[in-house]
Amino acid sequence: SPWKPGLLLLLLSRPAFSTTCARCAKDRRLRQKRAISERQLTRYFVDQRRVRVVGGQGGGGGHSFHSEPRKVFGGPDGGNGGDGGHVIFKADQQMKSLSSVFPFYQGFHGERGGSKNCYGANGAHMYVKVPVGTLVKEDGRVVADLTQHGEEYIAAYGGAGGKGNRFFLSNENRAPKLFTPGEPGQERILHLELKTTAHAGLVGFPNAGKSSLLRAISRAKPAVAAYPFTTLNPHVGIVHYQDYEQVAVADIPGLIRGAHQNRGLGTAFLKHIERCRFLLYVLDLSVPQPWIQLQDLKHELEAYEKGLSERPCVVIGNKVDLAQSRINLPLLRGQVAERVIALSALTGDNLEELLMHLRELYDTYVKTEQAQGQSPVKW
C-alpha cells in the first residue's frame, strides 16, 4: 500500500470540522468560566490599598521669534505649554474589589508650547476605577467617600503649563527671551479602604447558615461547607421583587467573641457592616441558649462602633428543620424583644416571611432618606 501507517492514523484522527471555516466555527461551544473556590477568591478580594499618585507635569513654554520675508522684526511668538493631566478616582458599580488598583499612577504630561503662538495640548486625565463604597484617606484623615456610581475625586492635580516668551511681551521689553518650564504635578500617598455598600447585612457566628441563606434568597453563590470560616470575604446578593425593586444583602464573614479586638477575622470585616442600613442577625437555633449569640453579636458591634447595634434589625432563627431548634424557638422568642423569623435556609421553609419583612425594612429606609432630603442607595 502506498499509504504509510503513521500518515493514515494522522488523517483518521483529524476533527470532522475545520477550525478556520467561519461556518464550522459556529459549532464550537464557548468554554464556561471555571468556578473559583472561596480560598482562591480571597486572593482576588482586596479591601485596602496604598496608592502613590502623581499629577502630570505641565509642558514648557515655547521660545521663538516670528520670521518671514519682508518682516524682519516679527516679535516673539512662543506659545504657552499645556497643563498636566489629573489622576481621578471614579466609583464604578461593576468593580467589586481593589485588586485591580495598581500601587502607582501618574497623569499624562502636557505638551510644550510651539512657535506661531501655538499652545501645547493639555495632558489627558488618568481615570482609576474603584468600587462603590471606597474611602480615600490621607495621613489617617478621610478626604473622600465615593458612595455613588460615577462619583469622582481628583486625587492629584496636574501641573500648570509654562509661559512662552510671547507672554512676557510688553512696551518695555519688545523682544523677551524669557520663558518658564512647566510645573510638576501634585504628588500624594493615599490609602484606599473598601466598605461594602449594601442595604442589609447578614451578621452571625460561623456556621450559623448566613451563606446558605444568601444562596436561598438571591443568585449569589458563596461557598458553603460544614466547617467554620467558610466565607473569607463579603458577598453581596440582590433580592429581586415584582415591582423591579432590588435589595442588596451582604454576607459578612462570621464573627467571634472578641472580634472588635482583632480576634478571628478581626476588624477587617466589621467595617463592612458600617454601610448596611439594617441588620439581619442570623442565629443557629440548634445550639443551647441561642439568645446568647444575639447578645454577643450586639456587644461586638457596639464595641466596634457606638450605635451600630441600634440600627433597624430582625432576628432570624435558622435551622428550624432540626428537632432541637423547634424546642429552642419559643425560648428564644421569650428572651428577645426583636421580631424573630424562624426559617430553614436548607429546605426553604418560611423564606416568604423573611422576604416580606426585608421589603418592609427597605421601604422604611427609602421613606426616611427621602424625608431627610437625601437620595437612597439604589441597585
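How many aromatic pairs does a search of the whole structure find? The search finds three, and the points below, which concern a predicted model, take up two of these pairs and then turn to charged side chains over rings.

1. In the pair formed by Phe102 and Tyr105, the ring centres are 6.1 Å apart and the planes meet at 55°, so the arrangement is classed as tilted. An angle over 60 degrees would be needed for edge-to-face and one under 30 degrees for stacked, which is why the computed 55° leaves this pair in the tilted class.

2. The two partners of that pair have opposite solvent exposure: Phe102 is exposed, with a relative accessible area of 54%, whereas Tyr105 is buried, with a relative accessible area of 10%.

3. Tyr362 and Tyr365 also form a tilted aromatic pair, for which the distance from centre to centre is 6.4 Å and the angle between the planes is 50°. Both residues belong to helix α7, which spans residues 351-371, and they are three residues apart, or about one turn of the helix.

4. As for exposure in this second pair, Tyr362 counts as buried at 1% relative accessibility, and Tyr365 likewise counts as buried, at 7%.

5. Two contacts of a charged residue with a tyrosine ring may be noted alongside the pairs. The charged end of Arg359 sits over the ring of Tyr241, at 5.1 Å from the centre of that ring, while Lys90 lies over the face of Tyr127, at 6.0 Å from the ring centre.

Notes. Residues numbered from 1 in each chain as written. Predicted model: local features only at pLDDT ≥ 70, side-chain atom pairs only at ≥ 80, totals over all residues. Heavy atoms only, no water. Phe/Tyr/Trp six-rings, centres within 6.5 Å; stacked < 30°, edge-to-face > 60°. Buried < 20%, exposed > 50% of the residue type's maximum accessible area, 1.4 Å probe, protein only. Helix = DSSP H or I, 4+ residues; strand = E, 2+ residues; numbered from the N terminus. Lys NZ or Arg CZ within 6 Å of the ring centre and 35° of its normal.
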